[in-house]
Amino acid sequence: QVQLVESGGGLVQAGGSLRLSCAASGRVAVAWFRQAPGKDREYVASITRIIGRTSYSDSVKGRFSISRDNEKNTVTLQMDSLKPDDTAVYYCAAANTFSGTKVTDWDYWGQGTQVTVSS
């Protein structure tokens with residue numbers, strides 16, 4: 001029943017910044033995953049529904065920041081110091097309760113938004 005819509009993807013230069021947004025149809029825990037061609041979908045960051053506790057993968061820690069916009073019921077992923085290795089389709093995922101780093105931890109998925117970082 002939960003629907004998710006990602007936006008904000010695009011093309012940026014290495015070292016630049018990009019801000020992704022995930023609009024959810026309900027108040028849920030939200031995670032961002034990404035998938036490059038030929039690779040498995042990997043965890044990026046997440047934020048819990050109530051406490052708002054955030055978690056990050058080691059590869060993006062210190063560069064990315066996930067947050068909630070309570071007025072607009074959206075979750076954003078601020079990406080700074082982008083690297084070419086960050087190039088991937090980024091997916092928003094949601095769960096009513098559990099949150100984790102595995103794809104199977106999440107119940108709902110958006111359509112994805114392309115992020116391309118040039119060198």
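In which sense, and over how many bridges, do strand β7 (residues 64-69) and β8 pair? They pair in the antiparallel sense over 6 bridges, where two strands pair if DSSP finds at least two bridges between them, and where strands are DSSP runs (E, at least two residues) numbered from the N terminus.

This is a predicted model, in which local features need pLDDT of at least 70 and side-chain atom pairs count only at pLDDT 80 or more, whereas totals for chains, interfaces and linings use all residues. Residues are numbered from 1 along each chain as its sequence is written, and side-chain values use heavy atoms, with hydrogens and water left out.

The pairings of β8 are set out below.

| Strand paired with β8 | Sense and bridges | Bridge partners |
|---|---|---|
| β3 (residues 18-24) | antiparallel, 6 bridges | Arg-19 and Gln-78 |
| β7 (residues 64-69) | antiparallel, 6 bridges | Phe-64 and Met-79 |

β7 and β8 form a hairpin with 4 residues between them, and Asn-73 in the turn has a positive phi of about 55°. Because 5 of the 6 residues of β8 (residues 74-79) are buried, this strand is largely enclosed by the rest of the structure; buried means under 20% relative accessible area, with a 1.4 Å probe and protein chains only.

The largest nonpolar core has 27 residues, and Leu-77 and Met-79 are among those that touch the most other members; such a core is a set of buried Ala, Val, Leu, Ile, Met, Phe, Trp, Tyr and Cys residues joined through side-chain atoms within 4.5 Å. Elements giving two or more residues to this core include β3, β7 and β8. Apart from it lies another core, of 7 residues, including Ala-31 and Phe-33.

How values were computed:
Buried means under 20% relative accessible area, exposed over 50%, partly exposed in between (1.4 Å probe, protein chains only).
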